[in-house]
2 protein chains.
Amino acid sequence: MAERIGFIGLGIMGKPMVRNLANAGYKLVLNSRRQESVAEMVAEIPGAIGAATPFEVAKQADVVIMMVPDSPDVEKVVFGEGGLIEAVKPGSLIIDMSTIATTSSLLVHEAVATRGGQSLDAPVSGGDKGAIAGTLSIMVGGSAEAFDRAKPIFEAMGKTIVHCGGPGAGQTVKSANQIAVAVNIAGLAEALVFAAKAGVEPAKVLEVLGGGLATSRVLDMRGPGMIKGEFTPGFRIDLHRKDLNNTLATARTQGSPIPVTALVSQLFDAASSAGRGQLDHSGLLTILEDLAGVQVKDV
Amino acid sequence: MAERIGFIGLGIMGKPMVRNLANAGYKLVLNSRRQESVAEMVAEIPGAIGAATPFEVAKQADVVIMMVPDSPDVEKVVFGEGGLIEAVKPGSLIIDMSTIATTSSLLVHEAVATRGGQSLDAPVSGGDKGAIAGTLSIMVGGSAEAFDRAKPIFEAMGKTIVHCGGPGAGQTVKSANQIAVAVNIAGLAEALVFAAKAGVEPAKVLEVLGGGLATSRVLDMRGPGMIKGEFTPGFRIDLHRKDLNNTLATARTQGSPIPVTALVSQLFDAASSAGRGQLDHSGLLTILEDLAGVQVKDV
C-alpha cells in the first residue's frame, strides 16, 4: 500500500495537487489555515482525514508536503505554535513545494536534519492549470536519497521533475526562472510600447519578432493578450512581485547583483501601486504604456 | 531583363547581398567606402560595374540600395559630397537597408520625396549567415507602392519580408527587435549568474528554464555558449550598443521611456569599456559575472 502523505496548504495550488495524489492511491492527512478547505477536501476524498495542526499532520505521516504562500507561512508551519518540527524524527521526509526565500528554505533543511529527518525544497511552475493537469515542473533541492524517495510522489503531480542540486537548489532554480520570465516580459513590453508610440501596428511587431532571435515563450503565450490589452491571470503581478522580492533578498545575501531584475521588480511595484496587482504579470505592459502615454491596443 | 540596381556599402553584409542579387539576374552598379571592395566585386561578378560616388551610382540606376554601418554613414551617402540625393528624380527608388536611427531615416524619406522619388527603410536581421544564405528577415517601412516594387528585389536576399508600415516603420520594428533580444540576453544572464553564485550547475538552469515560460530563442541559441564561456560572434556587443544608442535616442525624441533597455544598454557599455566589444552580445554575461565574482562555466 502506498505511503500516507501529510499535506499542508489547501489553496488554489494545494487542492488539485491533493486530488492528484489521491488519484495515485496515496492516503492523505490534511491541514490548512482555512478550516473550511480541510472539511471540503475530507468530504471529497474517500479515506482522507483532517488534522488540527501541522504537528498533528507530521505525527500521522512520515512524508509531509507544504504548499503555502511565502516564507513567513512556511516558518510558521514548521517552527510556530503547533508546528511540525517537534514531530520530525528519523524516517521523516519534509517536502516544501512553496516558492520562498532560499534563506528560509535553508533554515527548514537545517532544522529537519538536526532531528534526523530528510527534507527537500521543491517549488513548482506551471500554475493552477499545471496543478490540475498534473503537469507541473518541479525543481528539487536536497540529497539524492531524499529525491529518489520522493520521486514517485512528484510524478503524481508533475511532468518535468529535475533534481537541481543540494538543499536550496530548487528555490535557486525557481528564482532563476522567475528572473528570466519577468525580464522577458519587460523586454517584450518595451518593444511593443516603443513601436506603438511610433505608430507601428503591434501585430507587425509580434510577426517579425516571433520569427527571429527575439522570440520567446512569453511572446508566444502572452504577446497576443498584450496587444489586445487582455491581462486575465495566469500568474498575478503581486505573486511575481513576492517571488522577485525573495530573489532580490537572496541575491543581496549571496552577493550576486541582478540590476535588471531589480529594475523590473520596481516596475512590478509600480503596477501594484497603481492597483493592478491582480492582473496577469504581462500587465507590466500597462506601466510602460503610462510612461509613454500610449495604449498598444489602440494603435 | 531585370532592373539595374545600385548598391552602396560592400561590407560583411553588403558583399553576400550583392552576390544574391547577381544570382537573381540583376545588373549591378557598385560603390563602397573601400575602393578595394568595389574592385573585388566587379572582378567577381560578370557585368557589374563600379561607380566613383553615390551620385554616380544613382545616375546609372533607378533603384539604389544602401547597406552601411550607421546614421552618419547614410547621411553622408545621401547628403554628403558626391551624395546620391542630387541624382534622385521621379522614378527613383532609394532603399536603405542599414540599421540606423529613425530620425535619420525620416530625413532621407523626406528628401527623396521632395525630389519626386520613392524610398523605403528596410533594415534586416539574420546577420552575415542570413545574408550569405539569402534568408534575411527584412523589415520594411514606406508606401505600399514602393514596397510592391521592391518586393522581388528583397526576395533575392531574404525570406521573411514584412511591410511594417509607413516611412520609418522598418527601423522602428528593427529597434523593437533589438530591444527584445538585448533584454532577453540580460534576463538569461542574470538567471545564470544568480544560480551559479548559489552553486547550482548552469546546465540544470537551462534544462528547467528551457522547458517552461522562461524559455526563448536566446536561451536555445546562446544559452549553451553562455554556460561554456564561449562568446564567438554572432552579433558583436559593439554593434548591439550602436543599435541601442539609436533606439534610445529615438525613444527620447518620440517620448516613450524604455528604462529596462536603458539599463541593459549601460551594461553593454560596461562590456565595451572592459574591452569586450568584439564578443558576441551574449558576452553581456561576463559583466554580471564580474559583479557577482563568479564564473558560470566554473560551477
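In this predicted model, a good place to start is chain B, where strand β8(B), helix α7 of chain B (residues 144-155) and strand β9(B) together make a right-handed β-α-β unit. The two strands of this unit, β8(B) and β9 of chain B (residues 158-165), run parallel and are joined by six bridges. Within that pairing, Ile138(B) has Ile161(B) of β9(B) as its bridge partner.

Strand β8(B) also pairs with β7 of chain B (residues 124-125), but here the two strands run antiparallel and are joined by two bridges. At this pairing, Ser125(B) is the residue that stands opposite Ser137(B) of β8(B).

How enclosed is strand β8 of chain B by the rest of the structure? Buried here means that a residue has under 20% relative accessible area, and because six of the six residues of β8(B), which spans residues 136-141, are buried, the strand is largely enclosed by the rest of the structure. In a regular strand the side chains alternate between the two faces of the sheet. In β8(B) both faces are covered, with Leu136(B), Ile138(B) and Val140(B) buried on one side, and Ser137(B), Met139(B) and Gly141(B) buried on the other.

Turning to chain A, strand β8 of that chain (residues 136-142) pairs with β9(A) in the parallel sense, over six bridges. In this pairing Gly141(A) stands opposite Gly165(A), which lies in β9(A). From β8(A) the chain crosses through helix α7 of chain A (residues 144-155) to β9(A), and this β-α-β crossover is right-handed.

The remaining step is to see how the two chains meet. Contacts link 58 residues of chain A with 58 residues of chain B, and the area buried between the two chains is about 4900 Å², with carbon and sulfur atoms giving 72% of that area. Of the area that chain A buries against chain B, Glu190(A), Phe194(A) and Leu213(A) supply 16%, which is more than any other three residues.

Which kinds of polar pairing are found between chain A and chain B? There are 10 residue pairs in polar contact, counting pairs in which both residues are at pLDDT 80 or more, while the rule finds zero salt bridges across the interface. The side of chain A that touches chain B draws at least two residues from each of several elements, including β9 (158-165), α8 (169-197), α9 (202-210) and α11 (237-254) of chain A. Helix α8(A) gives the most to this side of chain A, with 18 residues.

How values were computed:
Residues are numbered from 1 along each chain as its sequence is written. Chains are lettered from A and ligands numbered from 1 in the order in which they are written. This is a predicted model: local features need pLDDT of at least 70, side-chain atom pairs count only at pLDDT 80 or more; totals for chains, interfaces and linings use all residues. Side-chain values use heavy atoms; hydrogens and water are left out. Buried means under 20% relative accessible area, exposed over 50%, partly exposed in between (1.4 Å probe, protein chains only). Helices (H or I, at least four residues) and strands (E, at least two) are DSSP runs, numbered from the N terminus. Two strands pair if DSSP finds at least two bridges between them. A crossover is right-handed if, with the strands pointing away from the viewer, the path from the first strand over the helix to the second runs clockwise. Contact means heavy atoms within 4.5 Å. Buried area is the accessible area (1.4 Å probe) that two parts lose on being put together, summed over both. A salt bridge is a side-chain nitrogen of Lys or Arg within 4 Å of a carboxyl oxygen of Asp or Glu. A polar contact is a pair of N or O atoms within 3.5 Å; within protein, one must be able to donate a hydrogen and the other to accept it, and residues adjacent in sequence count only if both atoms are side-chain atoms.
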